[in-house]
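User: I want to go through the labels used for this structure and see what backs each one. Please keep the answers short.
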Amino acid sequence: MTAFTWNQVLRFRAARHFLNRPASTGEKGVAATVSALGGIQAQVMSAGELQLWARLDDLKAGEVDAMLWQNRSLVKTWAMRGTLHLLTAEDLPVYVAAMQSTRNMYRKQYWLKAFGTDLEEIEAIIAAVYTVLDGKTLSREELAEDIVKVAKVPHQRDRLRSGWGEFLKLASYHGYLCFGPSQGQNVTFVRPDQWIAGWREVDPDEAMRTIGRRYFAAYGPSPRDEFSHWWGIQGAEGRHWLKVLEDELVEVDVEGWKGWLLRADVDAVQSASEDSSVRLLPNFDTFTLTAYHERNLLLAEDLLPRIYRKAGWISPVIVVDGRIQGVWKYEQKRKQIQVSIEPFTEFSASVKEGVEVEAARLGGFLGAPVEISFKAVG
């Protein structure tokens, strides 16, 4: 069995997340980054934008919005684990094909019972979304009212209006819905096949293989069940997709911990760059999110609640050479940005300088001068 050290693995992951050497800039660079990471979590849109800022030195304020609502090269929709993500327009048909074949929990009786509905009604709601969004951009309220009329489900009006999108996300899995440009404080929805250019049908099995490869390329080595957790499937279905990729994966040992890696990436881990890197990653960052499965190996137990907090909240973190070495936060007051740094251990002079450079870079992105403070360790 191939053996690695944690230093090799973490530097490899940092490289795959563009943390030690930023990705190319411009619209193509943004799209390539989103695609390589398997999407950017965007439950909080500002955090999604900062995930890209952390990886692209020359990202401009408003560039992500322009790609979403003007160029339409990015799309915001419900994807992995039923959470909001940014995906590239080119990749969206791939994710839809995979979700349509694997996001079938709504067909199970316990799910239907929990939401006070039945399969016939749910399928009518999903079909109604496709019909009512034809050629239209609708607010949540407008969409809910039109679905109620077409599917004849007035008793589900409140559920359809819900910000959680319990029923609307089912339509997104079928490729019938994605987010459109907001109207004031109101979100809107559009039909993906009409919103983006070049919509195409993708074989579901090939779609899942593509997504699996991207997951292991960005987040490997990974435990056997972690891909299933990341994608949001369980049990036999998760094991099936690992089996499909089996000939492309190899089990590796990382100081006694076992994980799976793309066979093609073994050399990349062994030769991972030793260039030093310091990055400030925002809350809900994909790097932090998927570090959860080996958190107990990399961080002291008393530090975990400072990162992985209640109600699924994930703190902004300071990453040094692929290791989480602290948390941070920022607040915009008047015409200044106040950045507070909380190291887990004493920072060397070079790491401290790297943090200061990152903070200044944040100020440049947000368009305001930065005042930075370091809290004492402990």
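Analyst: This is a predicted model, and the questions below take its labels one by one.

User: Why is helix α3 called oblique to helix α19?
Analyst: The axes of α3 (residues 45-53) and α19 (residues 349-366) make an angle of about 120° and lie 12 Å apart. Angles of 65 to 115 degrees count as roughly perpendicular, and over 145 as roughly antiparallel. The value falls in neither range, so α3 is oblique to α19. The crossing is right-handed.

User: What makes the contact of α3 with α19, and how do its residues divide?
Analyst: From α3 come E49, L50 and W53; from α19 come E358, R361, L362 and F365. Four of these residues are nonpolar, three are charged and none is polar.

User: How do α7 and α8 cross, and which residues make the contact?
Analyst: Helix α7 (residues 119-132) and helix α8 (residues 140-151) cross at roughly 120°, and their axes come within 9 Å. This crossing is right-handed. A124, I125, A128, V129 and V132 of α7 meet L143, D146, I147, V150 and A151 of α8. The contact has nine nonpolar residues, one charged residue and no polar ones.

User: Why does W164 count as exposed?
Analyst: Its relative accessibility is 67%. Exposed means over 50%, so W164 qualifies. W164 sits in the loop between α9 (157-161) and α10 (168-173). Residues up to four places away in sequence aside, W164 touches W78 and K169. The C-alpha atoms of W164 and D265 are 38 Å apart, with their positions 101 residues apart along the chain.

User: What makes L10 buried?
Analyst: Buried means under 20% relative accessible area. L10 has 3%, so the label holds. L10 belongs to helix α1 (residues 6-16). Beyond its neighbours within four places in sequence, L10 contacts L298, D321, G322 and R323. V269 is 259 residues away along the chain, yet its C-alpha atom is 8.9 Å from that of L10.

User: How do you know that V64 is buried?
Analyst: The relative accessible area of V64 is 0%. The cut-off is under 20%, so V64 is buried. V64 lies in helix α4. Its contacts, leaving aside neighbours within four places in sequence, are M45, E49, L52, L59, L74 and L86. From V64 to L50 the C-alpha distance is 10.0 Å, for 14 residues in sequence.

User: Which residues of α2 are buried, and what covers them?
Analyst: In α2 (residues 26-36) the buried residues include G29, V30, A31, T33, V34 and S35. Their cover includes β2 (40-41), α3, α4 (63-69), β3 (74-78), β4 (84-88) and α12 (204-219). Just after the helix, G38 has a positive phi of about 70°.

User: What makes β2 and β3 edge strands?
Analyst: Each of them pairs on one side only. The open sheet has three strands in the order β2-β4-β3, with antiparallel pairing. β3 and β4 share five bridges. V75 has L87 in β4 as its bridge partner.

User: Why is strand β8 described as largely enclosed?
Analyst: Five of the six residues of β8 (residues 249-254) are buried, so the rest of the structure largely encloses the strand.

User: How do you know that β8 pairs with β1 and with β9?
Analyst: A pair needs at least two bridges. Strand β1 (residues 2-4) runs parallel to β8 and is joined to it by three bridges. T2 has V252 in β8 as its bridge partner. Strand β9 (residues 257-262) runs antiparallel to β8 over six bridges. There, E251 stands opposite W260 in β9. Both counts meet the cut-off. The hairpin of β8 and β9 has two residues between the strands, and E255 takes a positive phi near 50°.

User: Which way do the residues of β10 point, and what is the strand's partner?
Analyst: In β10 (residues 278-281), V278 and L280 point one way, while R279 and L281 point the other. All are buried. β10 is joined to the antiparallel strand β11 (residues 317-320) by four bridges. L280 is opposite I318 in β11.

Methods:
Residues numbered from 1 in each chain as written. Predicted model: local features only at pLDDT ≥ 70, side-chain atom pairs only at ≥ 80, totals over all residues. Heavy atoms only, no water. Axes fitted to C-alpha atoms, helices over the stretch in contact; angles between N-to-C directions. Parallel < 35°, antiparallel > 145°, perpendicular 65-115°, else oblique. Left-handed = near helix turned anticlockwise from the far one by under 90°. Contact = heavy atoms within 4.5 Å. Nonpolar A, V, L, I, M, F, W, Y, C, P; charged D, E, K, R; others polar. Buried < 20%, exposed > 50% of the residue type's maximum accessible area, 1.4 Å probe, protein only.
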